[in-house]
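Trainee: Please take me through one part of this model closely. I would like to start with the surroundings of the ligand.

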Amino acid sequence: MYEYNRTYIGDCDLVMEKMINDGLKFDLILTDPPYNLNKDFGNKSDSLDKEEFLLINEERIKKCRNLLDSNGSLIWFGIHNYIGYLQVIMYELGLYYRAMNIWHYENGFSRSKKVPATQYEPFLWFSKSNKKWTYNADDVRVPYKSTERLKSPVYYKDKNGNKKVWKPNPNGALRGDVWKYPTLAGKAFEKERTSHPTQKPESLITEIIKAFCPKNKEGKYEGTILDPFHGSGTVGVCCENLNKEGHLIKWIGIELEETWVNIGNKRLIDLD
Ligand SMILES: C[S@@+](CC[C@H](N)C(=O)[O-])C[C@H]1O[C@@H](n2cnc3c(N)ncnc32)[C@H](O)[C@@H]1O
């Protein structure tokens, strides 16, 4: 009934309601909703008063919860001003806290001398179950910061109490909850950037998909991903880039504005 690997134009509040009634489920809902910072998306969705913003988000998070598979995860981008309220809503709706991640960048613009420049945006990870979820730790390893530990042996005790020498993992260290990726500001990202005011970098979104999308026995990503606030289509573009490498991700985007859907569709065509 639903086609995957495409974006639906429409109001996600209505589309998600229909998806729930039709029994659809997703392994991962990865989304970057309006932060309520007065950005111009071509609609009023980013300029609500606080009460309305919180009420509408409570309904949306409830819908996301109902659309998650039993082992599914919700990744929800937010901003300092409001993320605390949204986190409380997620607890109250019975989702399980897994991590508050930080997208850290140093190439943003500073607009004020009255407060420190913003260098991060949080993204919350909650799971549907408190027992089972997907996190592909080995797929998102990061380079070791220092090789100091390699100069003289470091010992630890394994679970049986035996003394062992620590050896670095050839694929790097386990990543932390601070995800360092530049924003799309400046000449370096001219090619990737579209006219969408809050487009997320493909580098960051691809890494998040690798971390949280379920895999099949052959080690390929094979899961269903929903982004109800698809904007310029970054989640879809990143899924398709991975699918070109042989992965089998089924994704659906929802976006209110046709302008952004068209831009997202063009980005997909340009991948070929
Ligand atoms: C923060 S942006 C997402 C940007 C996206 N991550 C990207 O990389 O381009 C939020 C998007 O949600 C859309 N939006 C707002 N309200 C919506 C609704 N009720 N249903 C679907 N989309 C909505 C806005 O038009 C905007 O494009």
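Mentor: A residue counts as near the ligand if its C-beta atom, placed from the backbone, lies within 6 Å of it. Keep in mind that this is a predicted model. In it, 23 residues surround the ligand. The closest are Phe-41, Phe-229, Gly-231, Ser-232 and Thr-234. Two elements each give two or more residues to this shell: helix 1 (12-21) and strand 10 (250-255). By residue type, the shell divides into nine nonpolar, eight polar and six charged.

Now follow helix 1 away from the ligand. Its axis and that of helix 2 (residues 50-67) come within 10 Å. They cross at roughly 30 degrees. Angles under 35 degrees count as roughly parallel, so helix 1 is roughly parallel to helix 2. The crossing of these two helices is left-handed.

Next, the strands. Strand 5 (residues 120-127) has six of its eight residues buried, so the rest of the structure largely encloses it. Strand 5 pairs with strand 3 (residues 68-77) through five bridges, and the two run antiparallel. Within that pairing, Ile-75 stands opposite Trp-125 of strand 5. Strand 4 (residues 96-104) also runs antiparallel to strand 5, and eight bridges join them. There, Tyr-96 has Ser-127 of strand 5 as its bridge partner.

To go over it on screen, start at the ligand and find Phe-41 and Phe-229, two of the closest residues. Then look at helix 1, which gives two or more residues to the shell. End at strand 5, joined by bridges to strand 3 and to strand 4.

Conventions
Residues numbered from 1 in each chain as written. Predicted model: local features only at pLDDT ≥ 70, side-chain atom pairs only at ≥ 80, totals over all residues. Helix = DSSP H or I, 4+ residues; strand = E, 2+ residues; numbered from the N terminus. Nonpolar A, V, L, I, M, F, W, Y, C, P; charged D, E, K, R; others polar. Buried ≥ 20, exposed ≤ 12 C-beta atoms within 10 Å, placed from the backbone. Pairing = 2+ DSSP bridges. Axes fitted to C-alpha atoms, helices over the stretch in contact; angles between N-to-C directions. Parallel < 35°, antiparallel > 145°, perpendicular 65-115°, else oblique. Left-handed = near helix turned anticlockwise from the far one by under 90°.
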